[in-house]
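Ready for a short walk through a protein chain? Open your viewer, switch on the cartoon view, and keep the selection tool at hand.

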Amino acid sequence: MSLPEIKKRISAAEAKAGRSDGSTKLIAVSKVQPNERVQAILEQGHRIYGENRVQEAADKWPAFREQFDGIELHIIGPLQTNKARAAMELAQAIHTLDRIKLAHTFARLAQEMGACPDLYIQVNTGAEPQKAGVLPASADAFIAESVALDLPVAGLMCIPPVNEDPSLHFKLLGDIAARNGLNGLSMGMSGDFETAVAHGATHVRVGSAIFGDRVPT
């Protein structure tokens, strides 16, 4: 599937849902992708990318930023507190705020650095024990704690269970965001991004459908 085709499908899903064209940002998930594949997408004009690992992002994106203007980088993988500073220096948004220790680390570093990327709180909508994220029942309190730390909480993120209807999880995430006054909804991947758009996603994360199968290193 080509990048223009994915963008066309997002636009069609927005129109079908009665949303304005361009209200959903496409994050091209470039983790574990060879640089030549990423460069090919950059040369097509796309500028919003997602990385799982801070070290991989640090190895890849400074050089690309010397070649291409306007790159917007999102950290979308689990984040250790000792990688928080590097993530904040590299990224414009971090989608995996999932525990109070990390929130306090962001708050301290934001004071030291004088800036903080947009933050998305990860909600474990399926309550899966192997998956990171705040449980839905704890989400309201965690959002309030994070906001009280003066963190720029832009919205929420989820990854639905593989074998469940994603629309139920997207609706749950949207409901939590709405009652907490949050607009950002980072949800939807290669297999379900149109469903996510229908449920109000502001960001969809699409990797293999853009770049092809990942190339583990």
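Start by selecting S167, which sits in helix α7. Keep in mind as you look around that this is a predicted model. Is S167 buried or exposed? Its relative accessibility is 17%, and buried means under 20%, so S167 counts as buried. Now show the neighbours of S167: leaving aside residues up to four places away in sequence, S167 touches T195 and H199.

**Next stop: α7 and its partner**

Stay with α7, residues 166-179, and add helix α6, residues 136-148, to your selection. Two packed helices are described by the angle between their axes and the distance between the axes. Here the angle is about 30° and the axes of α6 and α7 lie 10 Å apart. Angles under 35 degrees count as roughly parallel, which is why α6 is described as roughly parallel to α7. The crossing of these two helices, α6 and α7, is right-handed.

Which residues make the contact between α6 and α7? Show side chains for P136, A139, D140 and I143 on α6, then for L172, I176 and R179 on α7. Try colouring this contact of α6 with α7 by residue type: you should find 5 nonpolar residues, no polar ones and 2 charged ones.

**Across to α2**

Now select helix α2, residues 35-43, and highlight V38, I41 and L42, the buried residues of this helix. Look down the axis of α2: these buried residues cover an arc of only 105°, so they are on the same side of the helix. Turn to the other side of α2 and you will find E36 and E43, which are exposed.

What do the buried residues of α2 pack against? Add these elements one by one: α1 (3-16), β2 (48-51), α3 (54-67) and α9 (208-211).

**Last stop: just past α2**

Move on to the loop between α2 and β2, where you will find Q44. With a relative accessibility of 48%, Q44 counts as partly exposed. Select P4 as well and draw a distance between the C-alpha atoms: Q44 and P4 are 40 residues apart in sequence, and 9.1 Å apart in space. Q44 touches both L3 and P4, again not counting residues up to four places away in sequence.

Finally, click on G45, which follows α2 and has a positive phi, near 100°.

Methods: Residues numbered from 1 in each chain as written. Predicted model: local features only at pLDDT ≥ 70, side-chain atom pairs only at ≥ 80, totals over all residues. Heavy atoms only, no water. Buried < 20%, exposed > 50% of the residue type's maximum accessible area, 1.4 Å probe, protein only. Helix = DSSP H or I, 4+ residues; strand = E, 2+ residues; numbered from the N terminus. Arc of directions from axis to C-beta. Contact = heavy atoms within 4.5 Å. Axes fitted to C-alpha atoms, helices over the stretch in contact; angles between N-to-C directions. Parallel < 35°, antiparallel > 145°, perpendicular 65-115°, else oblique. Left-handed = near helix turned anticlockwise from the far one by under 90°. Nonpolar A, V, L, I, M, F, W, Y, C, P; charged D, E, K, R; others polar.
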